[in-house]
Structure formats: C-alpha cells, structure tokens
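Student: I would like a close look at a single part of this model. Please take one residue as the starting point and work outward from there.

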Amino acid sequence: MIVWGISANSHDAALSVFRDNELIFASHSERFSGIKNDPDLCGSLVEYARQWGEPERVYWYENPYLKTARQLFAGQGWKFSENNISKYLKRWNIHAPISYTSHHLSHAAAGYFTSTYSDACVIVLDAIGEYNTLTIWQGKGDKLTRLFKLDFPDSIGLWYSAMTQRCGLKPLEDEYILMGMAAYGDPDRLVNDILNDFFWFDEYFTEWESMGVMLASRRNLHQGCLDWRPELTSTQDLYDIAAGTQAAYEYILERILSYAVTMSKSKNLVLMGGCALNCSANRILGKYYDNIWIMPNPGDAGSSLGSVLAHTKKRLAFSTAYIGYDMGKNEKDENIVDHILEHKICGLARNKAEFGPRALGNRSLLADPRGNEIKDRVNEIKHRQKFRPFAPAILEELAHDYFIFPSGWDNSRYMQVVAKCRYPELFPAIVHADGSSRVQTVAKGSGPFRELLEKWYERTGCPMLLNTSLNIKGQPMVNDHKDAEAFEKKYGVKVFN
Ligand SMILES: [Fe+2]
C-alpha cells in the first residue's frame, strides 16, 4: 500500500512516499521546482513520486481548521479557502482521502519514531504550529503523550526569526546566517537587553516557576521587530545583536531543558522543530541528556514523514538521509581524487539526494581543506559572507583525533552540532571565528561518499574534505543532471556524477 506524507502550502514544501510502512522516497519541493524554499508542491515532484503508484491516502502535516482559527485570532484574516487542502491537492490531481495530523505532533512523531529509543523526552521548538510554539512530550513504546505546551503569541522561534530580520537577513530562511554572525559579536553587550525587552521574567505562570523564566513575549512577533533599538546600525552593532540573540536563545533553551528533564524522567532526548537546526546551541543538550536524536530534517519538511508516523506509530530505522532524487553514479573515485588534488575543488552530484537542509556528500562542492587559499576560492563560487565557514566531512573513526565534541555527541552524521577543531591552523577553511566547526562524521559502510573519502585518505593521509552544498547562488541544491550541467557552466567547476 502506498501512502504519501505532505507538508506544503506554508513554506518549504516536501513530500514523502511510504510503501507498506517503509519510507522509499522523500524530497523538498524546491529541488524539483528550482524555487528556493518553494512553499508549494510542484508537478515534477508529484510525477516523480507517482513512479511508485498513486497514494491510497495522504497524511497532511497540520490541522487546517485549527490553523484557520489561529490566523483569524492573529489578525491575519479569514483564510479558510487558502487552507482547503482537498482543493489544494487537486491542483496536482491528488484525489486520495486525507488524514490530518496536528503540526507539533507531526514534528514529535518524525523525531520519536525515527529514533532508536523505547522511551524519550521529545521537545518540539519552532516558530508556530496551529497554535503551539513549544511542546514537550513523553515518548514510551508507541505512545506520545504531550506534557506541556506554549501557544502563540509566545514563540521562541518567531522571536529568533524576528531578530534574524533585525540583523538585515531574511526571516524563516536565514536563521543559520544569524547563528554564523554571532561568532563575530560580543554576546554580553546586548543579551540582557534582549531578554528583558522580549520576554517576561516574572512568575505569572506557576507552571513555569521551575524554569525561572516565563516565556511570554512582550511583543507581537508576527510584526517583526525592525524598530528594536533603531540606533544600532553599524556592522559591529549587527554582529552584537546576533551574538546577544544567540546567547539569549541558549539561555532560554537551557531553561527549557532543565524544566523538561524534571517532567519526563527519560535520559534520551529527541529535539525537533526548526530551532533544532541551531547547531551552535545544540552543544548544550548533552548537559541534560545522555543520548540525543535530532531527525536530519527537523523542520516542517521533515513533518511530511511525521504526519504518517503519527498515524502508523511504526518505528522507522532512519539510517540514511539519501532518500531523494536518484542521479545514479558513473565516475570512478580515483578520478575524482585526482581532480581534487590537481584543482583543489570539484562538484559531486550522484546517487540519491539528501533529504534535509544539508549537503552530505551526494550534492556537494568538495575541496581540499588544507591550507589558507581554499576558503577564498570556494567563496568566489559561493559568494558567501565572510563569517560563514565551510564544513568538514571526516571519516567518523578519526573524528575525535581532529575535533573535540561536546558531551552527549559521539558523532555528527547530519551536521547537527559544532565541535572544536584541534588544529585550526592546519585547516583554517573549516574553522569558524570562534574555533568551532560544523562537522559531518561519515560512518563506515554509509555509502559512496564514504568510499570516496576513504580513497582521499588513502592518497593524502588527510581524513577530511571541505564540504559545502552544490547550488547556484540563490537557488536550491542541485537535484538532477540538468542542474549539475548548469552549475558547471556557470562556475567552470567540474561536477562529477
Ligand atoms: Fe513547525
């Protein structure tokens, strides 16, 4: 039996295909349409998914009725027609019956049922679901029980997005850039002002007493906060706002973790929602939990899986993020290594695309991470701000020789946490201003990218490659052969398949 899970009609649409409870495909819509963060499904994605047959049921990632009510409550108007999902899906001739899963339950189920834990504390932290903005769940066996909720208008995710906009970046898209900027600022200058101006710190809600902070926001964050401290306009001011925001977020996250730990006795943590992508802050999770699982696509796109899993309640062994469009593979690894040694850089687009925001070696721009010049060369292609470092992909068993991981993290297969580089002078291109690196550890037997990395190590003695996403500036990651050719043509960098 074929069923589809879909998250769409908001931002960053995605579709997952399940056959008899087995996940066989998942992709963001943007990879097929070429529109970054495409909020809608697109014809080519739906057609690709149809190769496994028509769905007998569609699981939708949120409740459109509750969402309509909240939008009305939030002053966004009566959007009933926009939220008519049955009508929406008919645009792509999808006529299967639809089951709805609430937004935060979709997140929680995507995390919990892809974890290996038989019990866990599940924290979902995002901008907004229908009403919920933070939920804490107890996972036990095949049951998820909600223990706590925080509702709109109080939202840590919305606040972080508003601060992203305040720093001159695009909200709901550039939050990771704010996180990168933070390393260039002084966190102490503004952190207290930010906490005081945006959050209440009294004990108005007794249930929050043990957290010592009441996470009610003082503003309607849907309106943004561009008017906050208008005198702060210099580049250094913006860096300091970013650093203060990140420090405030980490403070709040710590309060949430210490509160959650008292509610759910489990030592296993599952963290989900867009905030789970904050790899800088994720280094503190191990202070409260022994084991940590963040599903590789913890934002709304990952809820295309969660909407299904919340209904089936079946465990899904999530062993790989390579579940997207399949480009196959042609080139020998030897030739790719030769090319990197000669030109220091190359593109790689082969096999199945990654499901999630990170390029993990199947749609990657790779470079030799050694030496001082490589960062500038990669930046010439990527046109990125100088404060954004590139990531290393390293043989997992050697990762601890080169990086110091925070407690609770033995590996980082999906680039979800930062680690300290032991030799920043040898690998300056993959080390951030604060000495951290967003490491991808590549496990034995994890597929063709691992084999390439092994070949690279064999030839050079260096166990890592610089790895950044293969995309034309402003566009989503390369998906198919046509995209790879376009990249090659635009930047004159060879893309291997
Ligand atoms: Fe969400």
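In which helix does A108 lie, and what surrounds that helix?

Tutor: The model is predicted. A108 lies in helix 5, which covers residues 103–112. The relative accessible area of A108 is 0%, and because the limit for a buried residue is under 20%, A108 counts as buried. Setting aside neighbours within four places in sequence, the contacts of A108 are V122, V124, W137 and L144. A108 can also be placed relative to P298: 190 residues separate the two along the chain, and their C-alpha atoms are 9.2 Å apart.

The rest of helix 5 gives the setting. Nine of its 10 residues are buried, so helix 5 is largely enclosed by the rest of the structure. The buried residues are H103, H104, S106, H107, A108, A109, A110, G111 and Y112. They pack against strand 6 (119–125), strand 7 (132–140) and strand 8 (143–151), among other elements. Strand 11 (268–272), strand 12 (291–293) and helix 10 (303–312) are also packing partners of these buried residues.

Helix 5 also supplies ligands to a metal. H103 and H107 both lie in helix 5, four residues apart, or about one turn of the helix. An α-helix has 3.6 residues a turn, so residues three or four places apart point the same way. H103 is buried with a relative accessible area of 1%, and H107 is buried with a value of 0%. Both histidines coordinate the iron ion through NE2. The other two ligands are D126 and D300, each through OD, and coordination is at 2.2 Å. Along the chain, the donors follow the spacing H-x3-H-x18-D-x173-D.

The geometry at the iron ion is irregular, because the four donor atoms subtend angles of 85 to 176 degrees. A tetrahedral assignment would need all angles to lie between 85 and 135 degrees, and the upper end of the range at the iron ion is 176 degrees. For reference, the ideal angle at a metal with four tetrahedral donors is 109.5 degrees. Water is not among the atoms, so a site may look incomplete.

To return to the starting point: A108 is a buried residue of helix 5, and H103 and H107 of that helix are among the residues that coordinate the iron ion.

Conventions: Residues are numbered from 1 along each chain as its sequence is written. This is a predicted model: local features need pLDDT of at least 70, side-chain atom pairs count only at pLDDT 80 or more; totals for chains, interfaces and linings use all residues. Side-chain values use heavy atoms; hydrogens and water are left out. Donors are N, O and S atoms within 2.8 Å of the metal (3.2 Å for Na, K and Ca); water is not among the atoms, so sites may look incomplete. Four donors count as tetrahedral if all angles lie between 85 and 135 degrees; four count as square planar and six as octahedral if opposite donors are over 155 degrees apart and all others between 65 and 115; anything else is irregular. Helices (H or I, at least four residues) and strands (E, at least two) are DSSP runs, numbered from the N terminus. Buried means under 20% relative accessible area, exposed over 50%, partly exposed in between (1.4 Å probe, protein chains only). Contact means heavy atoms within 4.5 Å.
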